[in-house]
Amino acid sequence: MHWLIWVLLFDGFLALCSQFSRKINYARRLLHYTLCATVASTAGILASPFLWAVKQQASGNWVVARTFYYTTRVLLGITVEIEDEELLTKCHPCVMVGNHQTMFDLVMLGRVFPKKTVILAKKVLSYYPFIGWFMRLSDDIFISRGSKQSASDMFKRASRELQSKDVSVWFFPEGTRGRFEGEPDLLPFKLGAFLLAYHAKVPIVPVVVMDFYNIYNKRRSWSAPGTLKIKVLKPIPMDGVREEDLDTIMNQTRDLMLAELKKISPPRIAIDA
């Protein structure tokens, strides 16, 4: 146990230095974030055999998510408040779409991610050590687009897997992290989530998390405790929708999410460069 004493002493030293250096505080909080991710991943792997035994393997992501959230709540001091959370369970199965800002989105996901929800990922990830093994154990859905296969056909095939497993799917429709210095905003959406929901005939459920600027900003080496507000919007049904209507629905969904993002986000604090 001597190593643990040295780790605690080192962390205490960093905590002292953090009072005088923003960059040291930032580095210390990233170390804590990494520790939380390691603990959560370990919990997911240990829970996987039991979840398979009770045929609840799709809840592996939920175990990892909640473990990560509660450890970050203690070590990083970040809490999450969710408005209309009940919509996530009432609409099972569904396709959830959320805005993507930073790697700290995992804290938000840790709290909001429902049971029996999986991630859609490229098939190549399934071959990666550790992360690929865990994703297979959690029954995540892998997609691979053939040279002659359209995007619509690919998501049609994925929708059959969604229906057969009776799971919901989480999507970041922006496709990558959106970083905006002036004010909260969203990148253009990609169509994948809407094609999946269309073929599976399940609703789209938009989930909006407030602007992260005051809690985490990589460019300014800034990280601080705080409360993240999340708003779950009303489900968007896909029954009776035509495929040619999806672009319009996608853009309308983005407009709704952007309006809510600006509504629930607090004013940005001044952070020196």
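1. Strands here are DSSP runs of type E, at least two residues long, and they are numbered from the N terminus. Val80 lies in one of them, strand 1, which covers residues 78–83. Keep in mind throughout that this is a predicted model.

2. Start with Val80. Is Val80 buried or exposed? The cut-off for buried is under 20% relative accessible area. Val80 has a relative accessible area of 10%, so Val80 is buried. Leaving aside neighbours within four places in sequence, Val80 is in contact with Tyr69, Val107, Arg111, Leu228 and Ile230. The C-alpha atoms of Val80 and Gly226 are separated by 8.6 Å. Along the chain, these two residues are 146 residues apart.

3. Arg111 is a contact of Val80, and it deserves its own check. Arg111 belongs to helix 5. Its relative accessibility is 19%, and therefore Arg111 counts as buried. The cut-off is under 20%. What does Arg111 touch, not counting residues up to four places away in sequence? The partners are Arg66, Tyr69, Val80, Ile82 and Glu85.

4. Next, the packing of helix 5 (residues 105–112) on helix 3 (residues 60–75). The two axes are 7 Å apart, and the angle is about 120°. The crossing of helix 3 and helix 5 is left-handed. Helix 3 brings Ala65, Arg66, Phe68, Tyr69 and Thr72 to the contact. Helix 5 brings Leu106, Val107, Leu109, Gly110, Arg111 and Val112. By class, this contact of helix 3 with helix 5 has 7 nonpolar, 2 polar and 2 charged residues. Look at Tyr69, Val107 and Arg111 in the viewer: these residues take part in the helix contact, and they are among the contacts of Val80.

5. Strand 2 (residues 95–98) is covered on both faces. Val95 and Val97 are buried on one side, Met96 and Gly98 on the other. In a regular strand, side chains alternate between the two faces of the sheet.

6. Which way does strand 2 run relative to strand 5 and to strand 6? Strand 2 and strand 5 (residues 168–171) are parallel and are joined by 3 bridges. Strand 2 and strand 6 (residues 204–209) are also parallel, joined by 4 bridges. Met96 pairs on both sides: Trp170 is its bridge partner in strand 5, and Val205 stands opposite in strand 6. Val97 of strand 2 stands opposite Phe171 in strand 5.

7. Strand 5 can be read in the same manner. Ser168 and Trp170 point one way, while Val169 and Phe171 point the other way. Every one of these residues is buried. Two of them are already familiar: Trp170 is paired with Met96, and Phe171 is opposite Val97.

8. Glu260 sits in helix 9, residues 246–264. Where does this residue fall, buried or exposed? With 13% relative accessibility, Glu260 counts as buried. Again, the limit is under 20%. Not counting residues up to four places away in sequence, Glu260 touches Val208, Lys231 and Leu233. The C-alpha atoms of Glu260 and Val208 are separated by 7.0 Å, although the pair lies 52 residues apart along the chain.

9. Helix 9 also packs against helix 8 (residues 192–200). Their axes come within 10 Å and cross at roughly 120°. That angle makes helix 8 oblique to helix 9. The crossing is right-handed. On the helix 8 side, Phe194, Leu195 and Tyr198 make the contact. On the helix 9 side, the residues are Leu246, Ile249, Met250 and Thr253. The count by class is 6 nonpolar, 1 polar and no charged residues.

10. Last, the N-terminal helices. Helix 1 covers residues 2–18 and helix 2 covers residues 22–53. Their axes come within 8 Å and cross at roughly 145°. The crossing is left-handed. From helix 1, Asp11, Leu14, Ala15, Cys17 and Ser18 meet the other helix. Their counterparts in helix 2 are Ile24, Asn25, Arg28, Leu31 and His32. This contact holds 5 nonpolar, 3 polar and 2 charged residues.

Technical notes: Residues are numbered from 1 along each chain as its sequence is written. This is a predicted model: local features need pLDDT of at least 70, side-chain atom pairs count only at pLDDT 80 or more; totals for chains, interfaces and linings use all residues. Side-chain values use heavy atoms; hydrogens and water are left out. Buried means under 20% relative accessible area, exposed over 50%, partly exposed in between (1.4 Å probe, protein chains only). Contact means heavy atoms within 4.5 Å. Axes are lines fitted to C-alpha atoms, for helices over the stretch in contact, and angles run from 0 to 180 degrees between N-to-C directions. Angles under 35 degrees count as roughly parallel, over 145 as roughly antiparallel, 65 to 115 as roughly perpendicular and the rest as oblique. A crossing is left-handed if the near helix is turned anticlockwise from the far one by less than a right angle, and right-handed if clockwise. Ala, Val, Leu, Ile, Met, Phe, Trp, Tyr, Cys and Pro count as nonpolar, Asp, Glu, Lys and Arg as charged, and the others, Gly among them, as polar. Two strands pair if DSSP finds at least two bridges between them.
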